[in-house]
Amino acid sequence: FREDSQIVFMQKQEKYLKKEHSIFVTILLNSYINWMRKQSGSSSLKALLYMDEIFGYFPPSKNPPSKEPMLLLLKQARAFGTGVILSTQNPIDIDYKGLSNIGTWFVGKLQTKQDIDKVLEPLSVKSLLSKKEIEEKIATLKGRHFFMKNVHASETIEFSSRWVLSYLKGPMTKDDIKLLMQQKKENHRQT
């Protein structure tokens, strides 16, 4: 791994590739862990692993090959100065052991009782709001409004983002990524 950004783009177009994606993600995560363990310990952030739409890679009931390295990262990465950001539209997609190892949560509007129940208990710890108030707020959050829960903070905070640059055009295509990375590639060739 290099010290600048790396993007791995895996668009799930074919159902038969699902198994291959899981195997690739497992190999990638294990490679990341091997790299991470070669780093010295740190209390400041040196690297960040971001996975969008983790559905299927870290489920609560099944054991895909990607689950073990994902849990290991959530438990140990911070000691090496590595952060992990996982995003999903449904909190029920994340194993409960993983949820208990996540230090900061950002929760947007949730509509199903099952999703709300999954996050209600952890969000209510040390909160000035009752569980019922949190449940009502989560179900009625406005767009770009979130609850933030940090294990080191004494309360749950509601905040909003000022603006979001999003064209809502859907997933990036390979051509979009080529265009986005063109300048970076040119800079890399010059060095």
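**Why these labels fit**

Biologist: Why is Lys-113 called exposed?
Modeller: In this predicted model, Lys-113 has a relative accessible area of 53%. Exposed begins over 50%, so Lys-113 gets that label.

Biologist: And what makes Lys-113 and Glu-135 a salt bridge?
Modeller: Their side chains meet with N to O at 3.8 Å. The cut-off is within 4 Å, so the pair counts. This salt bridge links distant parts of the chain: Lys-113 sits in helix α4 (residues 113-124) and Glu-135 in helix α5, 22 residues apart.

Biologist: Which residues are linked with Lys-113 in a network of salt bridges?
Modeller: Asp-117 and Glu-135 are in that network with Lys-113. As for the whole structure, a search of it turns up five salt bridges.

Biologist: How do you know that Asp-95 and Lys-67 form a salt bridge?
Modeller: Look at the distance again: N to O is 3.0 Å for their side chains. That is within 4 Å, so the name applies. Here too, distant parts of the chain are linked, with Asp-95 in the loop between β2 (80-86) and α3 (96-100), Lys-67 in helix α2, and the two positions 28 residues apart.

Biologist: Are Asp-95 and Lys-67 buried or exposed?
Modeller: Asp-95 has a relative accessible area of 2%, and Lys-67 comes in at 11%. Buried means under 20%, so Asp-95 and Lys-67 count as buried.

Biologist: What makes Lys-137 and Glu-158 a salt bridge?
Modeller: With N to O at 3.6 Å, their side chains are within 4 Å, so they pass. Lys-137 belongs to helix α5 and Glu-158 to strand β5, so this salt bridge ties together parts 21 residues apart in sequence.

Biologist: Why are Lys-137 and Glu-158 called partly exposed?
Modeller: Lys-137 has 32% relative accessibility and Glu-158 has 36%. Those values lie between the 20% and 50% cut-offs, so partly exposed is the right term.

Biologist: Let's turn to rings. Why is the pair of Phe-106 and Phe-159 called edge-to-face?
Modeller: The whole structure has three aromatic pairs. In the pair of Phe-106 and Phe-159, the rings are 5.7 Å centre to centre, with 80 degrees between the planes. Centres within 6.5 Å make a pair and planes over 60 degrees apart make it edge-to-face, so both tests are met. Phe-106 lies in strand β3 (residues 104-107) and Phe-159 in strand β5 (residues 157-160), so parts 53 residues apart in sequence are tied together.

Biologist: Which residues form the aromatic cluster?
Modeller: Phe-106, Phe-146 and Phe-159 form one cluster.

Biologist: How do you know whether Phe-106 and Phe-159 are buried or exposed?
Modeller: Phe-106 has a relative accessible area of 52%, which is over 50%, so Phe-106 is exposed. Phe-159 has 29%, between the cut-offs of 20% and 50%, so Phe-159 is partly exposed.

Biologist: Now the backbone. What is the phi of Glu-53, and where is that residue?
Modeller: Phi of Glu-53 is near 55 degrees, a positive value in a residue other than glycine. Glu-53 is in the loop between β1 (42-51) and α2 (67-76). Its 36% relative accessibility lies between 20% and 50%, so Glu-53 is partly exposed.

Biologist: And what about the phi of Arg-144?
Modeller: Arg-144 isn't a glycine, yet its phi is positive, about 60 degrees. Arg-144 is in the loop between α5 (131-140) and β4 (145-150). At 46% relative accessibility, under the 50% that exposed must exceed but not under 20%, Arg-144 counts as partly exposed.

Definitions and conventions: Residues numbered from 1 in each chain as written. Predicted model: local features only at pLDDT ≥ 70, side-chain atom pairs only at ≥ 80, totals over all residues. Heavy atoms only, no water. Helix = DSSP H or I, 4+ residues; strand = E, 2+ residues; numbered from the N terminus. Buried < 20%, exposed > 50% of the residue type's maximum accessible area, 1.4 Å probe, protein only. Phe/Tyr/Trp six-rings, centres within 6.5 Å; stacked < 30°, edge-to-face > 60°.
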